[in-house]
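Work through these exercises with the sequence and the model open side by side. Try each task before reading its solution.

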Amino acid sequence: MADAPAARLAAFLEQLEGARRARGVTLIVVTKRHPASLVRELAAVGQRDFGESRHPESRDKAAALADLDLTWHFVGQLQRNKARQVARYAHVLHSIDAPELVEALEGGEPGDERPVRDALVQVNLSDDPARGGVAPDGLDALAERVAASPALRLRGVMAVAPLGEEPAAAFERLARLAERVRAVDPAADWISAGMSGDWREALEHGATHLRIGTAITGNRPLGG
């Protein structure tokens, strides 16, 4: 079918191939509220990076697809009381936004499985403190805390463009903030930014990881 997820994936990849600064970009297909069968369909045509934002839905999906060689990205807000559970199946944590969350990931009893996970510091680009992410003035200290953690590998930054602002302006600020994280660790050069509606602007300002949902998966099922 022309509107099947695999066809939409191919169409998006064609657009990405033609976009500026797209070389080396990681495409994360966000499959929240979609069934494991959709992930399996996209994996069959070569997609390997998938994003989820709800636990335990993401845990169950990862378990159902354990036979596939996939990289799972947790892109939603990470609750401290569930952080270590998420880290058992998610290879990349995009939403580290507080030192207490790092402490939670380091916790547990001696001998507990504690996989080291790639981590991005989520930055709040808005003026609303209720939005997810650390405020820019707390970024350096949090990046240093993540870099020092035995449970995490500091990889870079993640952000969502605020509502009501031009995405290009927001992502330009994020690019400057990313430079501060690279000052903590030069290898922390990932920028997770850009979704279905603003991925081109994100690319223009250095995004290395795009989080694309509906442009590839289609609308979420009713209730999603």
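**Exercise 1. Check the overall build.**
Task: Compare the radius of gyration of the protein chain with that of a compact globule.

Solution.
- This is a predicted model.
- A compact globule of 224 residues would have a radius of gyration near 17 Å; the protein chain has 17 Å, so the two agree.
- Next, the extents: the C-alpha trace spans about 50 × 45 × 30 Å along its principal axes.
- Then burial: 48% of the 224 residues count as buried.
- Now the contacts with a separation of 6 or more: 59% of them join residues 24 or more positions apart.
- The exposed surface comes to about 10,700 Å², and carbon and sulfur atoms supply 49% of it.
- Finally the charges: there are 28 positive and 32 negative side chains, with the centres of the two sets 3 Å apart.
- The secondary structure consists of nine helices and eight strands.

**Exercise 2. Find the buried face of H2.**
Task: Which residues of helix H2 (residues 36–44) are buried, and how are they arranged around the axis?

Solution.
- Pick out the buried residues: Leu38, Val39, Leu42 and Ala43.
- Look down the axis of H2: these residues fall within an arc of 135°, so they line one face of the helix.
- Recall the geometry: an α-helix has 3.6 residues a turn, so residues three or four places apart point the same way.
- List the packing partners of the buried residues of H2. The helices are H1 (5–18), H3 (57–64) and H9 (214–217). The strands are S1 (26–30), S2 (49–52) and S3 (71–74).
- Check what follows the helix: just after H2, Gly46 takes a positive phi of about 110°.

**Exercise 3. Inspect the loop before H2.**
Task: Is His34 buried or exposed, and what does His34 contact?

Solution.
- Locate His34: the residue lies in the loop between S1 and H2.
- Apply the cut-off: buried means under 20% relative accessible area. His34 has 6% relative accessibility, so His34 counts as buried.
- Leave aside neighbours within four places in sequence. His34 then contacts Glu57, Lys61, Thr217, Gly218, Asn219, Arg220 and Pro221.
- Turn to Arg33, which is also placed in the loop between S1 and H2. At 26% relative accessibility, Arg33 counts as partly exposed.

**Exercise 4. Spot the unusual backbone.**
Task: What is the phi of Arg33, and which peptide bond is cis at Pro56?

Solution.
- Start from the usual case: most residues other than glycine have a negative phi, and most peptide bonds are trans.
- Arg33 has a positive phi, near 70°, and is not a glycine.
- The peptide bond from His55 to Pro56 is cis, with omega near 20°.
- Pro56 sits in the loop between S2 and H3.

**Exercise 5. Compare the two sides of H6.**
Task: Which residues of helix H6 (residues 139–148) are buried, and which exposed residues are on the face turned away?

Solution.
- The buried residues are Leu139, Leu142, Ala143 and Val146.
- They cover an arc of only 100° around the axis, which puts them on the same side of H6.
- The face turned away from the buried side carries the exposed residues Ala141 and Ala148.
- The buried residues of H6 pack against helices H5 (99–106) and H7 (167–184). They also pack against strands S4 (92–96), S5 (117–122) and S6 (152–158).

**Exercise 6. Follow H5 to one leucine.**
Task: What do the buried residues of H5 pack against, and which residues does Leu105 touch?

Solution.
- Buried in H5 are Leu101, Val102, Ala104, Leu105 and Glu106.
- The buried residues of H5 pack against helix H4 (83–89), S4, H6 and S6.
- Leu105 is buried, at 5% relative accessible area.
- Leave out residues up to four places away in sequence. Leu105 then touches Ala83, Arg84, Ala87, Leu93, Ile96, Arg114, Ala151 and Leu152.
- Leu139 lies 34 residues from Leu105 along the chain, and their C-alpha atoms are separated by 19 Å.
- Just after H5, Gly108 takes a positive phi of about 115°.

**Exercise 7. Place Ala215.**
Task: How far apart are the C-alpha atoms of Ala215 and Gly197?

Solution.
- Ala215 is in helix H9 and counts as partly exposed, at 32% relative accessibility.
- Gly197 is 18 residues away along the chain, and the C-alpha separation is 8.4 Å.
- Beyond residues up to four places away in sequence, Ala215 touches Arg8, Phe12 and Ser196.

Methods: Residues are numbered from 1 along each chain as its sequence is written. This is a predicted model: local features need pLDDT of at least 70, side-chain atom pairs count only at pLDDT 80 or more; totals for chains, interfaces and linings use all residues. Side-chain values use heavy atoms; hydrogens and water are left out. Helices (H or I, at least four residues) and strands (E, at least two) are DSSP runs, numbered from the N terminus. The radius of gyration is taken over C-alpha atoms; the globule rule is 2.2 Å times the number of residues to the power 0.38. Buried means under 20% relative accessible area, exposed over 50%, partly exposed in between (1.4 Å probe, protein chains only). Contact means heavy atoms within 4.5 Å. Accessible areas come from the Shrake-Rupley method with a 1.4 Å probe; for residues, only the protein chains shown count as cover. Lys and Arg count as positive and Asp and Glu as negative; His and the chain ends are not counted. The place of a charge is taken as NZ of Lys, CZ of Arg, CG of Asp or CD of Glu. The arc is that of the directions from the helix axis to the C-beta atoms.
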